[in-house]
Amino acid sequence: MGLKINNIVKKYGDKTVVNGISFAIDNPGVYALLGTNGAGKTTTIRIILGMIDYESGSVKWNDKDINASDINIGYLAEERGLYPKYSLMDQLMYFGRLRGMNTSDIKKAIKYWSERLEVEKYVYPDKKKKYMKADQLSKGNQQKIQLMAALISNPELIILDEPLSGLDPVNAELFKSIIHEEINKEKYIIMSSHQMSTIEEFCSDITIMNKGNAVLQGNLNEIKKSYGRINLELKCDNDIKDIISRFEFANTEYTPDGYSIRLREEEQAMSLLKELMNNNIDIVNFQRREPSLHEIFIEKVGESNEK
Amino acid sequence: MKNNKGFLDVFSFTFIQTFKSKAIIIVTAVLCVLAFASVPMVNHFGASDENTRNEDEKNNENSIKKVFLCDKSGIGIDKNTDILQDGKYKNIKYEIVSEKEDAKKLVKNTNNIYMMTSVTDRINIEFIYDDNKDITSMDVDEYSDFVCEKMPDIEKKIFGITKEQNKIIEKNINIEKKWIGQKTHKGINNSVMMSYICIIIIILTLCGETISTSVAMEKSTRVIEYLTINVKPIVLISGKVIGVMSVIISQFLAASVCFFASAQMNGNQGTKKAIAKYVLNSESMNISFVNVLIVLVTLISGVIVFGMLAGLAGAAVSRVEALGESMKIYSIILVIGAYAAMFLASSGEINTLTPKTIAAFIFPVTSLFLTPVYAVFGKVSITIAIAAMTAMVITAIVLVIFVSKVYEGMIYYKGETLRLKDIITFSKDKIKEERDV
């Protein structure tokens with residue numbers, strides 16, 4: 001069961017924009033595609049959606065070559081798209097029909113989602129029986145309508161390209177709660193985002209892309225574990241500059257909140273702690289932690305760019 | 001879900017939303033008002049024209065000066081030509097000739113016609129005239145109608161039979177018309193021709209602008225990404241072209257209804273006669289199933305050809321504002337087709353069959369402006385009409401295939417406006433991809 005992408009290659013002229021990307025989503029949940037701008041995420045998504053052809057490789061859904069006509073897919077594009085001058089109701093009805101839904105199901109879905117996303121007053125006519133058009137909405141509300149369009153057919157595979165970009169904190173929370181609901185409904189979700197905290201909140205598996213290549217793939221927890229707890233947050237009441245200088249850490253940064261240290265090996269932490277205690281330093285915070293996704297991303301993309 | 005069935009959804013959405021747009025509502029209203037007002041305007045200006053030339057005189061205009069009558073009927077029509085000197089034909093001269101006379105020689109380079117009557121199981125009347133001169137097929141049509149009208153009076157005078165009996169005989173009159181000279185067909189009234197070309201220009205301009213704007217808007221707003229996961233690009237563009245085309249044609253139908261309603265309510269006798277003569281004259285038209293089919297197929301595929309070109313122009317830009325540049329090729333093709341047709345029609349050149357005029361009738365860019373109207377009036381041979389239809393259908397199919405190859409790539413393209421060579425490159429890449437696969 002699930003989605004299997006195997007060694008897909010896409011070229012535009014002589015430029016390879018996706019170079020042998022492979023990954024699999026075997027169980028319901030959220031899979032993250034990460035990468036800088038131009039890394040090939042959107043092209044990969046378009047290939048999965050069958051929007052563009054590719055040179056080689058395969059995309060399989062439930063062990064069969066993917067055919068968008070056989071799967072109920074919901075797609076929230078990175079660049080939001082609505083007809084600016086058409087009424088929202090007309091557009092949602094149109095999108096629903098294109099997904100093969102009948103009028104009554106579309107109306108039910110519109111009612112449910114407009115209430116859930118708190119946009120009834122925009123979707124339904126006002127007192128003067130006038131329908132609102134997309135260009136009369138704020139960017140955030142347009143994004144809500146776009147999410148409605150993506151989820152209107154209760155899709156089994158959902159692709160969200162930068163779902164939270166441009167949203168205020170309140171609406172971002174609303175979107176997150178909807179994504180959690182979809183996860184609970186055992187949907188297969190592919191999410192692309194630059195917001196690493198969002199990815200960490202939802203995703204169990206990731207692929208980091210750079211220049212069309214996969215530079216890191218796998219289960220997020222295992223990736224973090226493989227790095228070890230080599231990050232150390234240290235805050236003391238005394239000046240410890242001399243003590244710190246005695247160690248050869250991978251990286252040391254001083255912030256108003258203390259030191260942020262990248263260890264070369266985990267044992268350096270114990271050595272530093274002993275040294276601080278021997279010098280009677282008053283320790284406020286001494287915390288070892290795994291690297292964040294943000295740090296892993298920066299490191300991997302940086303390494304890839306150096307090659 | 002990506003399928004071919006989305007065509008109806010795309011078509012109906014395009015049709016309804018295009019009709020809802022303020023621009024279309026305003027244009028439709030203006031067209032209807034103009035169509036409704038045109039009849040009173042023609043009446044008004046027509047009336048002032050009558051100060052110098054009264055309508056009766058105009059109606060009495062007759063290009064036929066003399067009729068060479070060869071009466072082989074044996075019932076004595078040649079002895080009763082006075083009955084055929086009535087109304088606008090009162091000054092017409094009749095010369096009785098024997099069947100040994102060469103009819104073509106008699107009428108060649110003259111405004112005279114040759115009329116031969118004979119009787120088989122019915123009364124046969126054959127007309128021969130030179131269409132290189134001033135006599136038109138319309139003149140002969142009118143004169144033959146006049147002869148048919150008068151035939152019962154001639155029969156009554158000869159046989160003394162009742163009018164009821166005459167009505168039965170009247171049905172059995174068989175008319176045959178022939179013309180001599182180099183022409184194989186006779187031209188269409190210039191105002192009818194120019195009106196048709198103008199209507200086609202307006203339809204193609206409105207269609208082209210609406211389609212290209214719609215495609216460019218879907219592309220610039222990125223709605224296209226949502227649409228193409230549900231329907232194939234070719235279904236999308238086809239639904240859009242046919243949807244917009246239907247709206248524009250509906251506009252013209254609405255305007256036509258206004259025009260005829262106005263003619264019925266406001267038209268004076270002259271206007272009604274002109275409409276009956278040039279627009280609703282089914283006798284002067286070649287209304288057969290095959291002909292109507294040929295005309296409809298040519299018209300529809302012609303508009304599809306131009307619609308697809310407009311769709312390509314829309315897909316070649318990333319912003320609606322850049323449409324002006326990409327629509328240049330469309331406009332140039334439209335102008336070339338329309339002006340070539342206008343020149344050939346107004347100069348009368350199209351009435352002579354030469355390789356150039358045959359090419360104009362068949363070549364899709366010009367044929368849309370010429371062939372349908374010439375076919376409707378039966379002024380072009382069925383062979384040429386079929387050839388024009390075939391050429392147009394093939395062009396439409398080739399263009400649809402071409403568009404299907406490049407449209408998909410172009411609609412995701414963001415950047416500078418694509419030029420013709422870029423579009424061809426897209427097409428070549430796509431063909432190469434398919435070959436490699």
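**Helix α2 of chain A and its surroundings**

In this predicted model, helix α2(A) is followed by Gly100(A), a residue with a positive phi near 85 degrees. The helix itself spans residues 88-98 of chain A. Its buried residues are Leu88(A), Gln91(A), Leu92(A), Tyr94(A), Phe95(A), Gly96(A) and Leu98(A). The cover over these buried residues comes from both chains. From chain A it includes α3 (103-116), α4 (120-123) and α5. From chain B it includes α1 and α8.

One of these neighbours, helix α1 of chain B, covers residues 6-20. It packs with α2(A) at an angle of about 165 degrees, and the two axes lie 9 Å apart. An angle over 145 degrees counts as roughly antiparallel; α2(A) and α1(B) are therefore roughly antiparallel to each other. Their crossing is left-handed. On the α2(A) side, the contact is made by Asp90(A), Tyr94(A), Arg97(A) and Leu98(A). On the α1(B) side, Gly6(B), Asp9(B), Phe13(B) and Gln17(B) take part. By class, this contact has three nonpolar, two polar and three charged residues. Tyr94(A) and Leu98(A) belong to the contact with α1(B), and both are also listed among the buried residues of α2(A).

The contact between the chains takes 26 residues from chain A and 19 residues from chain B. On the chain B side, α1 and α8 (223-228) each supply at least two residues. The most comes from α8(B), which gives five residues. By class, the side of chain B that touches chain A has eight nonpolar, six polar and five charged residues.

Chain B has 437 residues, of which 36% are buried. It contains 17 helices and five strands. Among its contacts between residues at least 6 apart in sequence, 79% join residues at least 24 apart.

Within chain B, α1(B) also packs against helix α9, residues 233-266. The angle is about 40 degrees and the axes are 8 Å apart. The two helices are therefore oblique to each other. Their crossing is right-handed. From α1(B), the contact uses Gly6(B), Phe7(B), Val10(B), Phe11(B), Thr14(B), Phe15(B), Thr18(B) and Phe19(B). From α9(B), the residues include Val235(B), Leu236(B), Gly239(B), Ile242(B), Gly243(B) and Val247(B). The residues of this contact divide into ten nonpolar, seven polar and one charged. Gly6(B) takes part in the contact with α9(B) and also in the contact with α2(A).

Chain A holds an open sheet of six strands with mixed pairing. The strand order is β6-β7-β8-β3-β9-β10. At the edges stand β6 (73-76) and β10 (213-219). Each has a single partner strand, so one side of each is left without a neighbour in the sheet. Neighbouring strands are turned by 15 degrees against each other on average, direction ignored. Inside the sheet, β7 (residues 157-161) and β8 (residues 188-192) run parallel and are joined by five bridges. In this pair, Ile158(A) stands opposite Ile189(A).

Helices of chain A pack on this sheet. Helix α1(A), residues 41-48, touches β3 (29-35), β7, β8 and β9 (203-210). Its direction makes about 155 degrees with that of β7(A). Helix α5(A), residues 139-151, lies across β6 and β7 and runs at about 165 degrees to β6(A). The same chain's α5 is among the elements that cover the buried residues of α2(A).

Two loop residues of chain A, neither of them glycine, have a positive phi. For Glu186(A) the value is about 65 degrees. This residue lies in the loop between α6 (169-184) and β8. Glu186(A) is exposed, with 10 other C-beta atoms within 10 Å. For Lys211(A), phi is near 50 degrees. This residue lies in the loop between β9 and β10. Lys211(A) is partly exposed, with 19 other C-beta atoms within 10 Å.

How values were computed. Residues numbered from 1 in each chain as written. Chains lettered and ligands numbered in written order. Predicted model: local features only at pLDDT ≥ 70, side-chain atom pairs only at ≥ 80, totals over all residues. Axes fitted to C-alpha atoms, helices over the stretch in contact; angles between N-to-C directions. Helix = DSSP H or I, 4+ residues; strand = E, 2+ residues; numbered from the N terminus. Parallel < 35°, antiparallel > 145°, perpendicular 65-115°, else oblique. Left-handed = near helix turned anticlockwise from the far one by under 90°. Contact = placed C-beta atoms within 7 Å. Nonpolar A, V, L, I, M, F, W, Y, C, P; charged D, E, K, R; others polar. Pairing = 2+ DSSP bridges. Buried ≥ 20, exposed ≤ 12 C-beta atoms within 10 Å, placed from the backbone.
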